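Colleague: I am new to reading models of this kind, and I would like a close look at a single part. Could you take me through the sheet and whatever packs against it, step by step?

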Amino acid sequence: MKTLCAWCKTEMVAGENRADEPISHGICAACAQEILHLEREPLRTFLGRFHGPVLLVDADGRVITANQEGYAALRKAPEKTDGNLGGDVINCTHARKPGGCGKTVHCKTCTIRLSVNDTLLTGRAHVKVPAYMDLYQITGETTVRFLITTEKVGDTVLLRIDEAKPEDKE
Ligand SMILES: [Zn+2]
């Protein structure tokens, strides 16, 4: 059976990743190497090779950088995204509360935060996890159902938005 890198879609060679590395599947060694060693600007260009909106997130839940599809999906300019907390970047309603993103009572049950943290802690990737987020928009508050994929690379997490759909209101 062929294994494809979930990020660049190239075929992965069996045993490519060292056994003692927590990254066991999903990302090929070439992608992981690039992410670990590139500066922000070439990193952004590199992430552009990936299909779909991809963000690189640090342990605090801050977006390090993203690809063009990522900025488009967030409807945010790079300068309003890079270095900012995830909740502020996606317009999470809870991120506006005292303490901010990561410090409110709601953050303990935030699926995106939990998935990123678990991936960092265990090295396990999470694939297409449903996450319901309350976002504020010009038109008011909307609940958006995301499907997210997380993959650990060094001390950071690659976060892909596989789907983002506003919930139908009855
Ligand atoms: Zn790859």
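Modeller: What follows is a walk through the sheet, strand by strand, and then through the helix that packs on it.

Please keep in mind that this is a predicted model. The average pLDDT for the protein is 89, and 91% of the residues score at least 70. One stretch to read with care is residues 17–24, where pLDDT stays under 50 and the model has 9 contacts beyond four places in sequence.

The sheet itself is open and has 5 strands, which are paired in the antiparallel sense and arranged in the order E4-E3-E7-E6-E5. Strand E4 (63–66) and strand E5 each have a single partner strand, so each of these two edge strands keeps one side without a neighbour in the sheet. From one strand to the next, the twist averages 35 degrees. As background, the strands of a sheet pair through backbone hydrogen bonds, and the pairing can be parallel or antiparallel.

Let us begin at the edge formed by E4, whose antiparallel partner E3 is joined to it by 3 bridges. Within this pair, leucine 56 has threonine 65 in E4 as its bridge partner. The hairpin of E3 and E4 has 5 residues between the strands, and in this hairpin glycine 61 takes a positive phi near 85 degrees. E3 also pairs with E7, again in the antiparallel sense, over 4 bridges, and here valine 57 has valine 157 in E7 as its bridge partner.

The side chains of E3 deserve a pause. In a regular strand, side chains alternate between the two faces of the sheet. In E3, Val54 and Leu56 lie on one side while Leu55 and Val57 lie on the other, and all of them are buried, which leaves both faces of the strand covered.

What do the buried residues of helix H5 pack against? They pack against strand E3 (54–57), H4, E5, E6 and strand E7 (156–166). H5 covers residues 111–122, and for its 12 residues a rise of 1.5 Å a residue predicts a span of 16 Å, which agrees with the 16 Å between its end C-alpha atoms. Its buried residues are Ile112, Arg113, Ser115, Val116 and Thr119. Viewed down the axis of H5, these buried residues fall within an arc of 165 degrees, so they line one face of the helix. On the face turned away from that buried side, H5 carries the exposed residues Leu121 and Thr122. After H5 comes glycine 123, which has a positive phi near 80 degrees.

We can now turn to the other edge of the sheet, where E5 pairs with strand E6 (residues 140–153) in the antiparallel sense over 10 bridges. In this pair, tyrosine 132 stands opposite arginine 145 in E6. Arginine 145 counts as partly exposed because it has 14 C-beta neighbours inside 10 Å. Not counting residues up to four places away in sequence, arginine 145 touches Pro130, Tyr132, Lys165 and Glu167. The C-alpha atoms of arginine 145 and proline 130 are separated by 6.6 Å, although these two residues are 15 residues apart along the chain.

Lysine 128 is another residue to examine here, and its place is in strand E5 (residues 126–137). Its phi is near 50 degrees, which is a positive value in a residue other than glycine. Is lysine 128 buried or exposed? Lysine 128 is exposed, because 11 other C-beta atoms lie within 10 Å, and the cut-off for an exposed residue is 12 or fewer. Leaving aside neighbours within four places in sequence, lysine 128 is in contact with Leu147, Thr149 and Asp162. Between lysine 128 and glutamate 41 there are 27 Å in space, C-alpha to C-alpha, and the two are 87 residues apart in sequence.

Arginine 75 can be set beside lysine 128, as its phi, near 55 degrees, is also a positive value in a residue other than glycine. Arginine 75 sits in the loop between helix H3 (68–74) and helix H4 (86–90), and it counts as exposed because it has 10 C-beta neighbours inside 10 Å.

Terms used
Residues are numbered from 1 along each chain as its sequence is written. A residue is buried if 20 or more other C-beta atoms lie within 10 Å of its own, exposed if 12 or fewer, and partly exposed in between; C-beta atoms are placed from the backbone. Two strands pair if DSSP finds at least two bridges between them. Axes are lines fitted to C-alpha atoms, for helices over the stretch in contact, and angles run from 0 to 180 degrees between N-to-C directions. pLDDT is the predictor's confidence in each residue, from 0 to 100. Two residues are in contact if their C-beta atoms, placed from the backbone, lie within 7 Å. The expected span of a helix is 1.5 Å times one less than its number of residues. The arc is that of the directions from the helix axis to the C-beta atoms.
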